[in-house]
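Notebook open, structure loaded. I'm jotting down what I look up as I go.

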Amino acid sequence: MSITMQNGPNAARPAVASLATRLLTLCYGGLAYLIFFGTFLYAVGFVSGFVVPKTIDTGRTSSLTTALLVNLVLMSIFAVQHSGMARQGFKKLFARFASPAIERSTYVLLASLSLILLFWQWQPMPMVVWSVENPTIAGIVTAGGFVGWLIVLYSTFLISHFELFGLTQVVSHFAGRVVEPMKFKTPGLYSLIRHPIYLGFIIAFWCTPVMTLGHLLFSTVTTAYIFVGIYLEERDLVSMFGDQYRRYREKVAMLVPGVF
Ligand SMILES: C[S@@+](CC[C@H](N)C(=O)[O-])C[C@H]1O[C@@H](n2cnc3c(N)ncnc32)[C@H](O)[C@@H]1O
């Protein structure tokens, strides 16, 4: 840890790391954030099939079995990294070996790298499962997908975008301040549903006018993973915020107001 509590007369004052260490930490966090943001933008293009060179439906094709196995392995790598590193147990372990100031940035960096691997190695499964032929309806469905991505981005700002992606932590560390844990918040969409970011992803993944087998596999597995992620995340939120989160869970729907 680079900010530590001292013993003796200065017991209450945190010991601040050297300028070089703080600068390095800041650059690391900044780089992790830039890689994350580039990956997020690429994800929009990858799933929606716009602008980027390789999308969910393009690339070299192989047999259906090979594609299925490769794609399942790629999604599992992301799921294990993403859920494993998000747990409180992992965070405590991380703090024993490195500064907690870079814990979130490291999480974000590795999540981005596992997504980049997925984009790169994803095997298209081009069989069309459904296709919206009416151009107006197809346009509305496509727009719905982009609304999903906007809900994701907007919701990150509601609960603190820069903290969620590690920048606040490295800036605090650079300024010599103690890195505070994330606070529980329920502004805007969070007063209607508990998981607007996940709802945004579900909308973005399913709203497509042409659903191929590969895209359907991606949407089905990621949606199932989101429900597992919600279970694990809420278990942690209950252990961190206790009755405050339990009351919130009783009053506010998980994903769809008035439904579930
Ligand atoms: C990828 S975000 C997803 C947040 C939320 N599940 C959603 O879908 O909008 C996961 C992080 O948000 C944090 N988080 C979830 N709900 C929160 C809230 N109401 N206030 C602050 N942080 C929250 C979790 O502790 C976790 O670190």
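**Entry 1: one serine.** Leaving aside its neighbours within four places in sequence, which residues is Ser112 in contact with? I looked, and they are Ile35, Phe36 and Thr39. A reminder to myself before I go further: this is a predicted model.

I then checked where Ser112 sits, and its place is in helix α4. Buried or exposed? Ser112 counts as buried, because its relative accessibility is 3% and the cut-off for buried is under 20%. I also picked out Gly38 for a distance check. Gly38 and Ser112 are 74 residues apart in sequence, yet C-alpha to C-alpha I get 8.9 Å in space.

**Entry 2: the whole thing.** Next I zoomed out. I count ten helices and four strands in the protein. Going along the sequence, the order is β-β-α-α-α-α-β-α-α-α-α-β-α-α. The C-alpha trace spans about 75 × 45 × 30 Å along its principal axes.

How many of the 260 residues are buried, as a percentage? The figure is 45%. I looked at the contacts too, taking those between residues at least 6 apart in sequence: 77% of them join residues at least 24 apart. My Ser112 and Gly38 pair, 74 residues apart in sequence, came back to mind here.

For the outside, I noted that the protein exposes about 13,800 Å², with carbon and sulfur atoms supplying 71% of that. Charges next: there are 18 positive and 10 negative ones, and their mean positions lie 8 Å apart.

**Entry 3: helix α7.** I picked this helix, residues 167–174, and listed its buried residues: Leu167, Gln169, Val170, Ser172 and His173. What do they pack against? The answer is α1, α4 (103–121) and α6 (161–164). So α4 turns up again, and I had already placed Ser112 in that helix. After α7 comes Gly176, and I wrote down its phi as positive, near 80°.

**Entry 4: a pocket.** I went for the second largest pocket, which holds about 190 Å³ of space. It has 17 lining residues, and the closest to its centre are Val47, Ser48, Gly49, Thr208 and Pro209. Which helix gives the largest share of the lining? It's α5, with four residues. Both α1 (19–48) and α5 (135–158) supply at least two lining residues each. I'd met α1 already, as one of the helices that the buried residues of α7 pack against.

Technical notes:
Residues are numbered from 1 along each chain as its sequence is written. This is a predicted model: local features need pLDDT of at least 70, side-chain atom pairs count only at pLDDT 80 or more; totals for chains, interfaces and linings use all residues. Side-chain values use heavy atoms; hydrogens and water are left out. Buried means under 20% relative accessible area, exposed over 50%, partly exposed in between (1.4 Å probe, protein chains only). Contact means heavy atoms within 4.5 Å. Accessible areas come from the Shrake-Rupley method with a 1.4 Å probe; for residues, only the protein chains shown count as cover. Lys and Arg count as positive and Asp and Glu as negative; His and the chain ends are not counted. The place of a charge is taken as NZ of Lys, CZ of Arg, CG of Asp or CD of Glu. On a 1 Å grid over the protein atoms alone, a cavity is a set of points where a 1.4 Å probe fits but cannot get out, and a pocket is an open set with protein on both sides within 12 Å along at least five of seven lines; lining residues have an atom within 4 Å of a point. Grid points are joined across faces, edges and corners, and a volume is the space filled by probe spheres set on the points.
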